[in-house]
Amino acid sequence: MINIITKRILVFEAIPKIIRLNKQNIGLYIVLLAYIVFRLFYIDFVPFWDGAFYTKCIFDAATNLHSGIIKGLNCYGHPTMGYVLFHLIFQIFNPRNIFLLNLANLLLGSMGIWAFYHLVCVIFSVSKKMKEF
């Protein structure tokens, strides 16, 4: 029992370290805020052209889960399993909901910005250490 409580406390202590605000990562939060605000204006946007094909593929996979989930995850011969599976998590309870589709894309974009920022931080911190030697 004590071990479970200790693990939960450690998890909650780690969360502020991930999203702490300081001078080094203020740019990340400005970019994320701008991206989220901009995307929220288009949260009810219906994709067209190529986006319409992928939207149809995601909606078809969400409504036809009984026909085999793996078969519906690749759209038009492209390896899109991860992308479609992420969207299916949002579409499973309310299929063909454009708001949920755009919300999933908003989260993917935010995670991409966050990951790119941290990747750049790792790359430049390694290059600083190499210059010191």
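The secondary structure of this chain comes to five helices and zero strands, and from the N terminus on the elements simply run α-α-α-α-α. Bear in mind that this is a predicted model. Of the 133 residues in the chain, 21% count as buried. As for how the chain meets itself, take the contacts between residues at least 6 apart in sequence: 57% of these join residues at least 24 apart.

The nonpolar interior is a good place to start. In soluble globular proteins, nonpolar side chains tend to be buried together. Here the largest nonpolar core has ten residues, namely Cys 57, Ile 58, Phe 59, Ala 61, Ala 62, Leu 73, Cys 75, Val 84, Leu 88 and Leu 101. Two elements, α3 (50–63) and α4 (81–91), give two or more residues each to this core. Helix α3 gives the most, with five residues.

Helix α3 itself is 14 residues in length and reaches 20 Å from its first C-alpha to its last, close to the 20 Å expected at 1.5 Å a residue. Its buried residues are Thr 55, Cys 57, Ile 58, Phe 59, Ala 61 and Ala 62. Thr 55 is thus on the buried list of α3, while the core takes in Cys 57, Ile 58, Phe 59, Ala 61 and Ala 62.

Helix α4 buries Val 84, His 87, Leu 88, Phe 90 and Gln 91. These residues cover an arc of only 155° around the axis, so they sit on the same side of α4. Turn to the face of α4 that points away from this buried side, and there are the exposed residues Gly 82 and Ile 89.

His 87 deserves a closer look. This residue, placed in helix α4, has a relative accessible area of 0% and is therefore buried. Leaving out residues up to four places away in sequence, His 87 touches Ile 58, Leu 101, Ala 104, Asn 105 and Leu 108. Two of these partners, Ile 58 and Leu 101, are also members of the ten-residue core.

The stretch between α3 and α4 has its own links. Thr 80 lies in the loop between these two helices and, at 10% relative accessibility, counts as buried because the cut-off is under 20%. Beyond its neighbours within four places in sequence, Thr 80 is in contact with Tyr 54, Leu 73, Asn 74 and Cys 75. Tyr 54 and Thr 80 are 26 residues apart along the chain, yet their C-alpha atoms are separated by 9.4 Å. Cys 75, a member of the core, contacts Thr 80 in turn, along with Tyr 54, Cys 57 and Val 84, again leaving aside neighbours within four places in sequence. Tyr 54 therefore turns up among the contacts of both Thr 80 and Cys 75.

Asn 102 is another buried polar residue to follow. It is found in helix α5 (residues 98–132), and its relative accessible area of 4% makes it buried. The Asn 102 side chain reaches two backbone oxygens: that of Ile 43 at 2.7 Å and that of Phe 45 at 2.9 Å. Not counting residues up to four places away in sequence, Asn 102 touches Arg 39, Tyr 42, Ile 43, Asp 44 and Phe 45.

Two of those partners, Tyr 42 and Phe 45, lead on to the aromatic rings. A search of the whole structure finds four aromatic pairs. One of them joins Phe 38 and Tyr 42, whose rings are tilted, at 5.3 Å centre to centre with 55° between the planes. Another joins Phe 45 and Phe 48: the ring centres are 5.7 Å apart and the planes stand at 65°, so this pair is edge-to-face. Phe 45 and Phe 48 also belong, with Trp 49, to one aromatic cluster.

How exposed are these rings? Tyr 42 has 44% relative accessibility and so counts as partly exposed. Phe 48 is likewise partly exposed, at 44%, and Phe 45 joins them in that class at 37%. Phe 45 thus combines a partly exposed position with a backbone oxygen that the side chain of Asn 102 reaches.

Conventions:
Residues numbered from 1 in each chain as written. Predicted model: local features only at pLDDT ≥ 70, side-chain atom pairs only at ≥ 80, totals over all residues. Heavy atoms only, no water. Phe/Tyr/Trp six-rings, centres within 6.5 Å; stacked < 30°, edge-to-face > 60°. Buried < 20%, exposed > 50% of the residue type's maximum accessible area, 1.4 Å probe, protein only. Core = buried A, V, L, I, M, F, W, Y, C linked by side-chain atoms within 4.5 Å. Contact = heavy atoms within 4.5 Å. Expected span 1.5 Å × (residues − 1). Arc of directions from axis to C-beta. Polar contact = N/O pair within 3.5 Å; in protein donor to acceptor, adjacent residues only side chain to side chain.
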